[in-house]
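I opened this structure to look up its internal cavities and one of its strands. My entries follow in the order I made them.

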Amino acid sequence: MDKPGFPVLCDGVVKEGSAREILGDDEVESLSNDGGASVDSGGYLANCEAREKGKTRYATFSIGTADSSSKIVQQTLHDDLFGTAASAPLGAGWPGTLTMQGRITADATIVLKCGPGRPDYLLVDTKLQLSSIDTSFSSDEERLGLARAAAAVSKEANEKWECGADLGRPIRHAPADMTKDAPQPLSEATGTCRSMRQLAPAAKKWGITRAIGTAAVEEAPTQDCLLVNDEGKKVYRLSTLSGPLAQGYRFSSGVLGEVNGKAGRSEQSSGWAWASAKCPEGQPSALFTAASMRNGDEDRLEVSPAFERDLLKAFGSDMAALHGCEKPTLP
């Protein structure tokens, strides 16, 4: 039960306990008219913003149907192909990920697959921005709090909109931090990067010698593998999106050019390509991308089309099998 005076957030879906996981014990202020209950378009069922009184912690809570997927993809910056935003599973069986955008901004995104006779999906995204120099998402405590808040909001959304989804267990460990995890030699890569082991000899030609990945789990809707060169710089990002987020990616305004068809390669900008795989039970096709990453003002690494295809084949085949999908169609 919320205490008297606590603002109504997202039509009551965001309870006081959920908000305080990430906004702390100080007074919480709503930044949304009518608590974010009135939503006009874009598939959102509720969307609200709040901050703590000291203005050092800002949160945005977004709940929507599958029609909101392109907006969710944009919020997490997964449509910024050349960016560094990367995801790690929330853990504890939750169908979600935590995506860090540097040290002070992160999203916890959960995709609930609803039961028969209900909307196909509920998408729940919780974004937290920190403006204090005293903390960052390098802290396990911050990542754990955000993951727990997202799980609590998802539980309330599942009940309010009668989704009937299978939920996860209590989250007891912080999701991984891909920004500080040490790279593994490519020949010994594990988790989401395990498929890169077979490409280690060929990758040396392009200066790629190491990789950073996270646990490979079926329920994670987005997963990444970051390839690292012999100077320790992240040079390529391999990503997979499944369920409605894969569909949302295709329609996101942030993607460079249109992601048409089952597979392809950008004609406008070199350094990225995509593949897809058919998935069971009427789910959207899973999407796999390979994108050269920015390193400040330096030129992005551009590998050959053949090697880029090999990257997609290895990574896409492994991730497709993990999600129970067919072998990917390649560019």
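Which element gives the largest share of the lining of the second largest cavity? I looked this up and found β4, with 3 residues. I note here that the model is a predicted one.

**Entry: second largest cavity**

I read its volume as about 30 Å³. I listed the lining as A86, S87, A88, L98, M100, A176, D177 and M178. Two elements, β4 (86–89) and β5, each give two or more of these residues. Sorted by class, I have 6 nonpolar residues, 1 polar and 1 charged.

**Entry: cavity count and the largest cavity**

I then searched the whole structure and got 2 cavities of 30 Å³ or more. The largest holds about 40 Å³ of space.

Its lining consists of I72, V73, T76, H78, S87, T97, T99, T109, T222 and L245. I checked which elements supply at least two of the lining residues, and noted α2 (69–75) and β5 (96–100). By class I wrote down 7 polar and 3 nonpolar residues, with no charged residue in this lining. For the second largest cavity I had noted 1 charged residue.

I cross-checked the two lists. S87 appears in the lining of the largest cavity, and S87 is also listed for the second largest. β5 contributes at least two residues to the largest cavity and two or more to the second largest.

**Entry: strand β10**

T222 from the lining of the largest cavity led me to β10, which spans residues 222–229. Is this strand mostly covered or mostly open? I found it mostly covered, with 8 of its 8 residues buried.

I split the strand by face. T222, D224, L226 and V228 lie on one side, Q223, C225, L227 and N229 on the other, and both faces are covered.

**Entry: neighbours of β10**

Which way do β9 and β10 run relative to each other, parallel or antiparallel? I have them as antiparallel, joined by 5 bridges, with β9 covering residues 208–213. In this pairing A211 stands opposite L227 of β10.

On β11 (residues 234–241) I counted 7 bridges to β10, again with an antiparallel run. Here L226 of β10 stands opposite R237 of β11.

I looked last at the connection between β10 and β11. The two strands form a hairpin with 4 residues between them. In the turn I noted G232, which has a positive phi of about 85 degrees.

Note on methods
Residues numbered from 1 in each chain as written. Predicted model: local features only at pLDDT ≥ 70, side-chain atom pairs only at ≥ 80, totals over all residues. Heavy atoms only, no water. 1 Å grid on protein atoms, 1.4 Å probe; cavity = no way out; pocket = protein on both sides within 12 Å on 5 of 7 lines; lining within 4 Å. Points joined across faces, edges and corners; volume = space filled by probe spheres on them. Nonpolar A, V, L, I, M, F, W, Y, C, P; charged D, E, K, R; others polar. Buried < 20%, exposed > 50% of the residue type's maximum accessible area, 1.4 Å probe, protein only. Pairing = 2+ DSSP bridges.
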